[in-house]
Amino acid sequence: MNIKEFLNERAVLLGLETTSSEEVIRALGGKLRDLGYVKDNFIEAALEREANMPTGLPLGGEYNAAIPHVDIEYVNQSALGLATFKEDVVFYNMVDSDEVVPCRLVIMLALDTPKSQIEMLQSVAAVLQNPDTIRKLVNAKTTEEVFSALS
Amino acid sequence: MAKTVIVSCGTGIATSTVAAKAIEEACKAAGVAVITKQCKGQEIPELLKQGADLIVTTSTMRFDPGIPVVKGLAFLTGIGIDDVVKEILDILKD
């Protein structure tokens, strides 16, 4: 199973000009909603979740990432969304919610079952653990470059 | 007797799934019998009533559970993964 199978090219937003995590979640969540993957209340749920239990991940390299996601009840069908930014967007550390994590990449997870997505999640983790892939994603100018980086 | 590890994250489905799988594999490789129980952070107190040896969490802990807690972000990011696995095994081997 590959991360690309879950990533719809229309849910890839590159070089967003924002520093607001809320704008990012609204933009990416809106795409997933318009594509039918998530329910209308997904965005509000994702914003609330991010405020209470953030999803920023310090990756120890040049760039950090965040992986916003919510309970399965807000999801119709599993999918991923991906966004990159011109400047750092402020998220907070998942395991230490007081710590700021400036992010240049967001992979939004829409998960529809608790157990069956393990391979997709491990694929996402594998991407996060590869600094070269992260750099390629952050610097991608086209959707094709994103899918190529994930190959 | 198998040790019980509560694996918690914000939603109980995403990052805890990755962490639980990795913990099970590491324990198997080290010959440590382990049972993992995934949950959301706020469900930890309920699971603690059934008994547990360790909590591995990928979300922010907002209380002291009275048993060892290991931060499990390394299972996602890979940073310091060897140290985290060793820390977990050391606790479970006691």
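Okay, let's start with one pair of residues: B:Val56 stands opposite B:Val70, and that second valine sits in S4(B). Before I go on, keep in mind that this is a predicted model.

So, that valine pair belongs to a bigger arrangement. Strand S3 of chain B, residues 54–57, runs parallel to S4(B), and 3 bridges join them. Zoom out and you get an open sheet of 4 strands in chain B, ordered S2-S1-S3-S4, with parallel pairing. Which strands sit at the edges? Those are S2 (34–40) and S4 (69–71) of chain B, each of which pairs on one side only. Ignoring direction, neighbouring strands in this sheet are turned by 25 degrees against each other on average.

Now for what lies over the strands. Helix H1 of chain B, residues 15–30, lies across S1 (3–9), S2 and S3 of that chain, and runs at about 170 degrees to S2(B). Then there's helix H4 of chain B, residues 81–93, which lies across S1, S2, S3 and S4 of chain B, at about 165 degrees to S3(B).

Let me pick one residue out of H1(B). B:Ser16 lies in that helix. Is B:Ser16 buried or exposed? It's buried, because 30 other C-beta atoms lie within 10 Å, and the cut-off for buried is 20 or more. Leaving out residues up to four places away in sequence, B:Ser16 touches B:Val7, B:Ser8, B:Cys9, B:Gln38 and B:Thr58. For a sense of distance, B:Ser16 and B:Lys49 are 33 residues apart in sequence and 20 Å apart in space, C-alpha to C-alpha.

On to the interface. How many residues of chain B are in contact with chain A? There are 18 of them, in contact with 22 residues of chain A. On the side of chain B that touches chain A, the elements giving two or more residues are H1 and helix H3 (74–77) of chain B. The largest share there, 3 residues, comes from H1(B).

What does H1(B) meet on the other side? One partner is helix H3 of chain A, residues 118–128: the two axes come within 9 Å and cross at roughly 90 degrees. That crossing makes H3(A) roughly perpendicular to H1(B). At the residue level, A:Ile118, A:Leu121, A:Gln122 and A:Ala125 in H3(A) meet B:Thr17, B:Val18 and B:Lys21 in H1(B).

Let's stay with H3(A) for a moment. Its buried residues are A:Met120, A:Leu121, A:Val124, A:Ala125 and A:Leu128. They sit on the same side of H3(A), because they cover an arc of only 140 degrees around the axis. An α-helix has 3.6 residues a turn, so residues three or four places apart point the same way. And the cover over the buried residues of H3(A) comes from both chains: it includes S2 (56–57), S3 (65–66) and S5 of chain A, together with H1 and H3 of chain B.

Last stop, the other helix I looked at in chain A. H1(A), residues 21–34, has 14 residues and reaches 20 Å from first C-alpha to last, close to the 20 Å expected at 1.5 Å a residue. Its buried residues are A:Ser21, A:Val24, A:Ile25, A:Leu28, A:Gly29, A:Lys31 and A:Leu32. Those cover an arc of only 150 degrees around the axis, which puts them on the same side of H1(A). The buried residues of H1(A) pack against S1 (7–16), H2 (42–52), S4 (79–93) and S5 (96–110) of chain A. After H1(A) comes A:Gly36, with a positive phi near 90 degrees.

Methods:
Residues numbered from 1 in each chain as written. Chains lettered and ligands numbered in written order. Predicted model: local features only at pLDDT ≥ 70, side-chain atom pairs only at ≥ 80, totals over all residues. Expected span 1.5 Å × (residues − 1). Buried ≥ 20, exposed ≤ 12 C-beta atoms within 10 Å, placed from the backbone. Arc of directions from axis to C-beta. Contact = placed C-beta atoms within 7 Å. Pairing = 2+ DSSP bridges. Axes fitted to C-alpha atoms, helices over the stretch in contact; angles between N-to-C directions. Parallel < 35°, antiparallel > 145°, perpendicular 65-115°, else oblique.
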